Amino acid sequence: MKNFTSLNDIQDLESLVHEAFELKKDLYAFSDLGKRKTLGLVFLNPSLRTRMSSIKAGENLGMQVQVINLGTEIWTWDVEENTVMNGSATEHIKDAARVLSQYCDIIGIRCFPGLKDKERDNLDLVINTFVKYSLVPVISLESATGHPLQSFADLITIKETWKFPYPPKVVLSWAPHIKPLPHCVANSFAEWMNAVKDIDFVIAHPKGYDLAPKYTGNAPVFYNQEEALENADYVYFKSWSSYKEYGTLPKVKENWLLGAEFLYSHSGTYWMHCLPVRRNVEVSDAVLDSARSLVYRQAYNRTVAMQTILKKMLENSL
Ligand code: CP
């Protein structure tokens, strides 16, 4: 695995999940693999889970981990090619990528979309330009269009909790929010669920919130949440802004916030969210704190997912 920026970087998803299960049995089993190797983590945006789980994953493999935050600790970057840098950015991303490649053996980078210009966000300029100029493997810690590490952790969570021989029904359900959020988590989750053969995947959201077809593929879409949730084994809540009316929050008349009553009618359903979550806006306390909530398990599996990717990259470089 040269880079990990999307599902396309994975050759065999089933064997990757199997590798994650094996690693999870003993996260310290390869504590010398990353000896004298450095993991650089670059954050252009805030993070709790991605930051901490990536540090832990690197350290579990014996790596030295360096974390830097753009803007406050390092120079701001220009990402345009052939640019005249007479604006606010101090350094070009190509120079930063080349320099960081000399200090680090693997680099993770997080960058959110601006949510103003759809075409520009779809180019995913920061991660793609960084990949172009980096001399070492690059891992997406969430980009303008996707969050593959989150989806890998979510897939591990579903696979390790599902005990029946038939495929689970997994619903990606839009959730309300007070501000427009990126599509990254929803895009990647849809893409990954579509790629797994033994999962029955559907999407639920209000009208006006359709995701990009590139990620949703042939997954059935419901505009009625209750209908979509019928016989659901897993419900993954996530808020995202409109893709069509890019970055806006079209008005939604129906109530998409599920309360305690759903726990009674869906007693066998697992509830998921990538976190951070705005309690009682996106998802109710009743759902998040229920015995069927998997949100903390998902967060734990972020370390397992990152460590599996790092292990593969380190093994490649041996
Ligand atoms: N789920 C996730 O990526 O969390 P952070 O934004 O805290 O890293």
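## Ligand contacts and cysteines: worked exercises

In this predicted model, a nitrogen atom of the ligand is 2.8 Å from a polar backbone atom of L275. Let's work outward from there.

**Exercise 1.** Work out which residues make polar contacts with the ligand, and how much of the ligand the protein covers.

*Solution.*
- Step 1: The cut-off for a polar contact is a pair of N or O atoms within 3.5 Å.
- Step 2: L275 comes in at 2.8 Å, through its backbone.
- Step 3: C274 also uses a polar backbone atom, 3.1 Å from a ligand nitrogen.
- Step 4: With R302 it's a polar side-chain atom, 3.2 Å from a ligand oxygen.
- Step 5: On its own the ligand has 260 Å² of accessible area, and the protein covers 93% of that.

**Exercise 2.** Describe the ligand's surroundings by residue class, and say where the ligand sits.

*Solution.*
- Step 1: List the neighbours: S47, L48, R49, T50, R110, H147, Q150, C274, L275 and R302.
- Step 2: Sort that shell by class, and you get three nonpolar, four polar and three charged residues.
- Step 3: As for the site, the ligand is in the largest pocket.

**Exercise 3.** Count the disulfides, then explain the result for C104 and check C111.

*Solution.*
- Step 1: The two sulfurs have to be within 2.5 Å.
- Step 2: For C104, the closest cysteine sulfur belongs to C111 and is 16 Å away, so a bond is out of reach. C104 is also buried, at 7% relative accessibility.
- Step 3: C111 has the sulfur of C184 as its nearest, 8.6 Å away, and is in no disulfide. C111 is buried too, at 3% relative accessibility.
- Step 4: The final tally is zero disulfides.

Notes: Residues numbered from 1 in each chain as written. Predicted model: local features only at pLDDT ≥ 70, side-chain atom pairs only at ≥ 80, totals over all residues. Heavy atoms only, no water. Near = heavy atom within 4 Å. Polar contact = N/O pair within 3.5 Å; in protein donor to acceptor, adjacent residues only side chain to side chain. Areas by Shrake-Rupley, 256 points an atom, 1.4 Å probe, with all protein chains shown as cover. 1 Å grid on protein atoms, 1.4 Å probe; cavity = no way out; pocket = protein on both sides within 12 Å on 5 of 7 lines; lining within 4 Å. Sits in = over half its atoms within 2 Å of the grid points. Nonpolar A, V, L, I, M, F, W, Y, C, P; charged D, E, K, R; others polar. Buried < 20%, exposed > 50% of the residue type's maximum accessible area, 1.4 Å probe, protein only.
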